[in-house]
Amino acid sequence: MTDTSLPRTVDRTAWLGLIAILPLVLLVAMDGSILYLAMPHVTSALMPTADQALWILDIYGFVVGSLLIAFGNIGDRYGRLKLIITGAAVFGAGSLGAAYSQTPEQLIASRALMGLGGATLLPSGLAIVSALFPDPRLRAQAIGIFAATFAAGFAIGPLIGGMLLRQFAWGAVFLINVPVVIGFMIGAPILLREVRSTVGGSIDLASLVLSFAGILLFTYSLKNAAAYGFTPTQIVAGAAGIFALALFARRQTKLEYPLLDLGLFRDRIFSIAILTGLLSLVVWSAAGYLSGVYLQSVLGIDVFAAALLTLPGAIVLTATCVATARIVERIGRKTALVATHLLIGAGVFLLLFTTTETGIAVFIASTMIAGIGYGLSFSLVADIAVSAVPANRAGAAGSIAETSNELGNALGISLLGSLATLSFRLFGPGVAGTLDETLDQPGLAHQSLIQAQEAFLTGMHVAIGTGGLLTLAVGMVAWLWLPSKLPE
């Protein structure tokens, strides 16, 4: 009797530990997308400039993506439970600051603080979950639930944001994080245990600074060029960012324990998998942000109604995540990977048929078709990337896969969002840098309003069309370049 009860006790404790971590995973993912529908409200309240609005959206993703690998290494050395509890506290403090921000600068700083905390949560959470389940079968189930929760968070972020904005001020989309963080900090020491790994070397601070500075400087340059045109400051910042990233890449090849193992990219399967994860989130974030503004500021749909329109796509995406294993079993890994690109490309291309008059049905169809592709990507990329490398490099491969998702989420708004901003600056009425800023101008002439909405729609079509073409191009490369059977 005792022999059979012990495993059940161990399993119950492990599942309770997983349940304690999942709300944090959901929050980190939601905060990558919850602002898509909230931005018109934030713009009206804080009046950010065009580049400030983009920073509000993507500074979180850039900080998380820049620090994921570093915090994964720090957790290995000093303890993942300590790191995740500390990170949760920082994430909560940043959320509180964001909720009560009075200026765009305060909100950007608070979002950056949230990113600092969020970067500790994913790698440490996944490592702790893996340690909770020594049985390989149960561990696979737990990691699958972890991944599905992350995907669901991305999917339901706009819906939760829309529901909150119907009843409360825009700060509520951040304030909901605080009770979840407090609950985790109370329960974590009871339900979770410390996890460390014996690894060599130390954190290379120069690599960390170069990667972080390079990404931010290059992004700053892109945003300013889109919003205001080329200036000496913008050009210098862009050149400095590229130089810093080049130094970072060169340094990684000379370190015994690099922050980013570039040698993994010699494997074509690994490279295509990481590129798929990156590009999927680039298109996802840009389409989510731009279509959120389109529904509210062009079609004039209430924020809650706009949130409900995202529900079919969110359901399809989450269901696909759950069903990915069976889909892959039927059609194979390579076909599933190529299908990811085709479905995302086909889905977002539907948005090219939106107009300033109609577009609701097209939007719903787009999110449902692309949602299948996103669901396949979220569940498949990390698995293929890890399977493509030797077992002793699986940890590094997993970290790079997670980083590609977070950077893709930020880059989508930065690159494609800047492309849309540039188009608005060229074709808009010249009253302000963004559509929402223009609509908030007092005494705006009707003709200027129509021109602004048409300019925004043109920019959205250009940005999303570019993303769709890139997706289809990578899908074609994957079909031609990858072997017919990918490693399990």
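Domain bounds, as used here, come from an automatic or database domain assignment. On that basis the protein, a predicted model, is divided into domain 1 (11-193), domain 2 (203-257) and domain 3, the last of which is made up of two segments, 261-435 + 443-487. The C-alpha centres of domain 1 and domain 2 are separated by 25 Å. Contact between domain 1 and domain 2 involves 15 residues of the former and 12 residues of the latter.

The secondary structure comprises 18 helices and zero strands. The radius of gyration is 22 Å, close to the 23 Å given by the globule rule for 488 residues, and the protein is therefore as compact as a globular protein of that length. The C-alpha trace spans about 80 × 50 × 45 Å along its principal axes. Of the contacts between residues at least 6 apart in sequence, 84% join residues at least 24 apart.

With respect to solvent exposure, buried residues account for 55% of the 488 residues. The accessible surface amounts to about 19900 Å², and carbon and sulfur atoms contribute 68% of that area. Charged side chains number 24 positive and 24 negative, with the centres of the two sets 10 Å apart.

Several individual positions were examined in the context of these overall values. In domain 1, which covers residues 11-193, Met 47 occupies the loop between α2 (35-46) and α3 (50-78). Although Met 47 is not a glycine, its phi is positive, at about 55°. The relative accessibility of Met 47 is 40%; this value falls between the 20% and 50% cut-offs, and Met 47 therefore counts as partly exposed.

Leu 164 is placed in helix α6, which runs over residues 136-167. Its relative accessibility is 14%, and because buried means under 20%, Leu 164 is classed as buried. When residues up to four places away in sequence are not counted, Leu 164 touches Ala 172, Val 173 and Ile 176. A further relation links Leu 164 with Phe 304: the two residues are 140 residues apart along the chain, while their C-alpha atoms are separated by 8.3 Å.

Leu 175 belongs to helix α7, formed by residues 172-175. With a relative accessibility of 31%, Leu 175 counts as partly exposed, whereas Leu 164 in helix α6 counts as buried at 14%. The contacts of Leu 175, again without residues up to four places away in sequence, are with Leu 96, Ala 99 and Tyr 100. The C-alpha atoms of Leu 175 and Val 209 are separated by 31 Å, with these positions 34 residues apart along the chain taken as their sequence separation.

In domain 3, whose segments are 261-435 and 443-487, His 341 is located in helix α14 (residues 333-349). The relative accessibility of His 341 is 1%, under the 20% cut-off, so this residue counts as buried. Beyond residues up to four places away in sequence, His 341 touches Thr 276, Thr 471, Leu 472, Val 474 and Gly 475. Among these partners, Thr 276 lies within the segment 261-435, and Thr 471, Leu 472, Val 474 and Gly 475 lie within the segment 443-487. The contacts of His 341 thus involve residues from both segments of domain 3.

Notes. Residues numbered from 1 in each chain as written. Predicted model: local features only at pLDDT ≥ 70, side-chain atom pairs only at ≥ 80, totals over all residues. Heavy atoms only, no water. Helix = DSSP H or I, 4+ residues; strand = E, 2+ residues; numbered from the N terminus. Rg over C-alpha atoms; globule rule 2.2 N^0.38 Å. Buried < 20%, exposed > 50% of the residue type's maximum accessible area, 1.4 Å probe, protein only. Contact = heavy atoms within 4.5 Å. Areas by Shrake-Rupley, 256 points an atom, 1.4 Å probe, with all protein chains shown as cover. Lys, Arg positive; Asp, Glu negative; His and termini not counted. Charge placed at Lys NZ, Arg CZ, Asp CG, Glu CD.
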